[in-house]
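Thanks for sharing this one. I have put my notes below as numbered points, and I hope they are handy while you look through the structure.

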Amino acid sequence: MAFDYPVILRKQGERFLATFPDFPGCYGEGSDRLDAMEDARTEGVNCILQELEEGNPLPPRTLLDELCLDEGEEAVMLTLTLPREENWSWLG
């Protein structure tokens with residue numbers, strides 16, 4: 001099962017930060033853009049799993065053209081693939 005959500009990438013000092021506008025507090029970071037995206041992918045999957053396990057609906061996905069970016073920021077869609085489960089019936 002996969003979900004596409006936007007992340008906003010920006011350089012912060014010597015590191016890169018990738019934040020999810022649709023999941024407040026969920027972000028990834030790394031020494032370069034790619035590391036930040038991979039960390040964000042892992043954290044995004046964890047955020048989705050937590051929401052689903054708690055029975056919460058997932059937030060609607062913000063589209064890239066709906067985002068207001070600051071100077072130096074870049075928005076990209078990131079695919080978050082949940083681990084394979086034999087039985088997803090707990091999703092309801």
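Which residue forms a salt bridge with Arg 10?

1. The partner of Arg 10 is Glu 73, and the closest N and O atoms of the two are 3.0 Å apart. Please keep in mind that this is a predicted model. The pair links distant parts of the chain, since Glu 73 sits in the loop between α1 and β4 while Arg 10 belongs to strand β1, 63 residues apart. Glu 73 counts as buried at 18% relative accessibility, whereas Arg 10, at 25%, counts as partly exposed. As general background, side chains of opposite charge can pair when their charged atoms come close.

2. Stepping back to the overall layout, the protein has one helix and four strands. Along the sequence they follow the pattern β-β-β-α-β. The C-alpha atoms fill a box of roughly 45 × 25 × 20 Å along the principal axes. Of the 92 residues, 35% are buried. The protein exposes about 5900 Å², with 47% of that supplied by carbon and sulfur atoms. If we take the contacts between residues at least 6 apart in sequence, 55% of them join residues at least 24 apart.

3. The strands form an open sheet with the order β3-β2-β1-β4 and antiparallel pairing. At the edges stand β3 (27-30) and β4 (74-81); each has a single partner strand, so one side of each is left without a neighbour in the sheet. On average, neighbouring strands are turned by 30 degrees against each other, direction ignored. Helix α1 (residues 33-53) packs on this sheet and touches β1, β2 (15-19), β3 and β4. The direction of α1 makes about 50 degrees with that of β4.

4. It is worth walking through the strand pairs one at a time. Strand β1 (residues 2-12) is joined to β4 by eight bridges. Within that pairing, Asp 4 has Thr 79 as its bridge partner, and Val 7 stands opposite Val 76. On the other side of the register, β1 and β2 run antiparallel and are joined by five bridges, with Ile 8 opposite Thr 19 of β2. The hairpin of β1 and β2 has two residues between the strands, and Gly 13 takes a positive phi near 65 degrees there.

5. What lies on the covered face of β3, and what on the uncovered one? Gly 28 and Gly 30 make up the covered face, and Tyr 27 and Glu 29 the uncovered one. That fits a familiar rule: in a regular strand the side chains alternate between the two faces of the sheet. β3 pairs with β2 in the antiparallel sense over four bridges, and in this pairing Leu 17 stands opposite Glu 29.

6. Glu 29 appears again in a salt bridge with Arg 15, at 3.9 Å from N to O. Arg 15 lies in strand β2 and Glu 29 in strand β3, so the pair ties together parts that are 14 residues apart in sequence. Both ends are partly exposed: Arg 15 has a relative accessible area of 40%, and Glu 29 is at 36%.

7. The salt bridge count comes to four. One of them lies in the helix, where the side chains of Arg 41 and Glu 38 meet at 3.4 Å, N to O. Because Arg 41 and Glu 38 are three residues apart in helix α1, about one helical turn separates them. Arg 41 counts as partly exposed at 27% relative accessibility, as does Glu 38 at 42%.

8. Lastly, the interior. The largest nonpolar core has 19 residues, and Val 7, Phe 20, Phe 23, Ile 48, Leu 78 and Leu 80 touch the most other members. β1, α1 and β4 each supply at least two residues of this core, and the largest share, eight residues, comes from α1. In soluble globular proteins, nonpolar side chains tend to be buried together. Val 7 is a good place to start looking: leaving aside residues up to four places away in sequence, its contacts include Ala 18, Phe 20, Met 37, Val 76 and Leu 78.

Terms used
Residues are numbered from 1 along each chain as its sequence is written. This is a predicted model: local features need pLDDT of at least 70, side-chain atom pairs count only at pLDDT 80 or more; totals for chains, interfaces and linings use all residues. Side-chain values use heavy atoms; hydrogens and water are left out. Two strands pair if DSSP finds at least two bridges between them. Axes are lines fitted to C-alpha atoms, for helices over the stretch in contact, and angles run from 0 to 180 degrees between N-to-C directions. Contact means heavy atoms within 4.5 Å. Buried means under 20% relative accessible area, exposed over 50%, partly exposed in between (1.4 Å probe, protein chains only). A nonpolar core is a set of buried Ala, Val, Leu, Ile, Met, Phe, Trp, Tyr and Cys residues joined through side-chain atoms within 4.5 Å. Accessible areas come from the Shrake-Rupley method with a 1.4 Å probe; for residues, only the protein chains shown count as cover.
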